[in-house]
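Let's sit down with a new structure and learn to read it step by step. A learner will ask, and a teacher will answer.

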Amino acid sequence: MPRHIAVIMDGNGRWAYRRHLPRVAGHRRGAEVVREMVQSCADLGIPYLTLFAFSTENWRRPAIEVRLLMNLFRLLLRREARKLHENGVRLRIIGDRSALDPEICQLIDEAEALTRNNQRLQLNLAVNYGGRWDIAQAARAAMAAVQAGDLALEDFSAAHIARHLCLADIPEPDLLIRTGGEERISNFLLWQLAYTEFYFSDTLWPDFNRAALEHALHSFAHRQRRFGRTGDQVLEGDCSVSD
């Protein structure tokens, strides 16, 4: 069973289009599936779930759709934070908050504060998030230590960037699921996915259910994760991982 699952939730718009509904109907149904996914992961004992909700590139979408998505996000923060708390779920929002509405930022702060001590499941929502942005902001933070004289430039390493990344304090994803039939990672967790197993599903996100999740977990369970070692080393029990 993976410790950390990451999901690119793709297919909301196509789901709505096939039913002759507005795209927002697909996003609303997709939000309901998020609730079901959280419950399934909690039931299965998976401690970390990271969902790609809105990318840095999604601002390029039609303005009315962006506005509807932000309104939906605002509504979910108001309605779901208490339910997450009651179910022992910790909520964290990762991404660049500078472009978000101040009211949304306040709701994020309140939801994170309310659920901070919960330990059943940690739900990470990536909002205005991009993998390149994540690496850049981590590199800036690391270089600040060099400029301050706390770190010699010749000692600078990948580890100094890694410790400043979003989600640096939890295990990197074991499994990435992307729904909707596309097979790319779309600037999501670029650094963190270095050794993640990928699972691509043709199922549109609004149709992704507990059975579909279990199918992905079944596929993951039959993979051999080598982390640069040979298959024989893994079978012999050499589980050391070098940075």
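## Reading the features together

A: Let's begin with one residue: at 12% relative accessibility, asparagine 187 counts as buried. Please keep in mind that this is a predicted model.

Q: Where is asparagine 187 found?

A: Asparagine 187 is found in the loop between S5 and S6. Its phi is near 65 degrees, a positive value in a residue other than glycine.

Q: How should I read a positive phi?

A: Most residues other than glycine have a negative phi. Here, serine 186 also has a positive phi, near 50 degrees, without being a glycine. Serine 186 is found in the loop between S5 and S6, and its 29% relative accessibility makes it partly exposed. A glycine case comes just after H2, where glycine 45 takes a positive phi of about 80 degrees.

Q: Which residues does leucine 190 contact, leaving aside its neighbours within four places in sequence?

A: Leucine 190 is in contact with Gly131, Arg132, Ile135 and Ile185. Leucine 190 lies in the loop between S5 and S6 and counts as partly exposed because its relative accessibility is 31%. From leucine 190 to leucine 77, the C-alpha distance is 26 Å, with their places 113 residues apart in sequence.

Q: Is leucine 165 buried or exposed?

A: Leucine 165 has a relative accessible area of 7%, so it is buried. Its place is in the loop between helix H6 (158–162) and S5. Not counting residues up to four places away in sequence, leucine 165 touches Asp134, Ile135, Gln137, Ala138, Trp191 and Gln192. Its C-alpha lies 14 Å from that of asparagine 187, and the two are 22 residues apart in sequence.

Q: Now for helices. How do I check the length of one?

A: Count residues, then look at the distance between the end C-alpha atoms. Helix H7 (residues 210–221) has 12 residues, so at 1.5 Å a residue it should span 16 Å; its end C-alpha atoms are 16 Å apart, which agrees. H2, with 22 residues, reaches 31 Å from its first C-alpha to its last, close to the 32 Å expected.

Q: Which residues of H7 are buried?

A: The buried ones are Ala212, Leu213, Ala216, Leu217 and Phe220. They cover an arc of only 140 degrees around the axis, and therefore lie on the same side of H7. The general idea is that an α-helix has 3.6 residues a turn, so residues three or four places apart point the same way. On the other side of H7, Ala211, His215 and Ala221 are exposed.

Q: What do the buried residues of H7 pack against?

A: Their partners are strand S1 (4–8), helix H2 (23–44), strand S5 (175–178) and strand S6 (197–200). There is a detail to look for at the start of H7 as well: a side-chain oxygen of asparagine 209 reaches to within 3.2 Å of the backbone nitrogen of alanine 211.

Q: How do I use a database record alongside the model?

A: Take the listed positions and find them in the structure. In an unreviewed entry, UniProt places the feature "active site" at Asp10 and Asn58. Although spread over 49 residues of sequence, they cluster in space, with a largest C-alpha distance of 12.3 Å. The lining of the largest pocket takes in both Asp10 and Asn58.

Q: What surrounds aspartate 10?

A: Leaving aside neighbours within four places in sequence, aspartate 10 is in contact with Arg178, Thr179, Gly180, Glu182, Leu204 and Trp205. Its side chain makes a polar contact of 3.0 Å with that of arginine 178, and another of 3.4 Å with that of arginine 14. Aspartate 10 is found in the loop between S1 and helix H1 (12–18), and at 17% relative accessibility it counts as buried.

Q: Where is asparagine 58 placed?

A: Asparagine 58 sits in the loop between strand S2 (48–55) and helix H3 (63–86). With 16% relative accessibility, asparagine 58 counts as buried. Its side chain reaches the backbone nitrogen of serine 55 at 2.8 Å.

Q: Which residues does UniProt list for "binding site"?

A: The unreviewed entry lists Asp10 and Glu197. Glutamate 197 lies in strand S6 and counts as buried, at 17% relative accessibility. Not counting residues up to four places away in sequence, glutamate 197 touches Asp174, Leu175, Leu176, Phe220, Arg223 and Arg225.

Key. Residues are numbered from 1 along each chain as its sequence is written. This is a predicted model: local features need pLDDT of at least 70, side-chain atom pairs count only at pLDDT 80 or more; totals for chains, interfaces and linings use all residues. Side-chain values use heavy atoms; hydrogens and water are left out. Helices (H or I, at least four residues) and strands (E, at least two) are DSSP runs, numbered from the N terminus. The expected span of a helix is 1.5 Å times one less than its number of residues. Buried means under 20% relative accessible area, exposed over 50%, partly exposed in between (1.4 Å probe, protein chains only). The arc is that of the directions from the helix axis to the C-beta atoms. Contact means heavy atoms within 4.5 Å. A polar contact is a pair of N or O atoms within 3.5 Å; within protein, one must be able to donate a hydrogen and the other to accept it, and residues adjacent in sequence count only if both atoms are side-chain atoms. UniProt positions are given in the numbering used here, feature names are shortened, and annotations may be inferred rather than shown by experiment. On a 1 Å grid over the protein atoms alone, a cavity is a set of points where a 1.4 Å probe fits but cannot get out, and a pocket is an open set with protein on both sides within 12 Å along at least five of seven lines; lining residues have an atom within 4 Å of a point.
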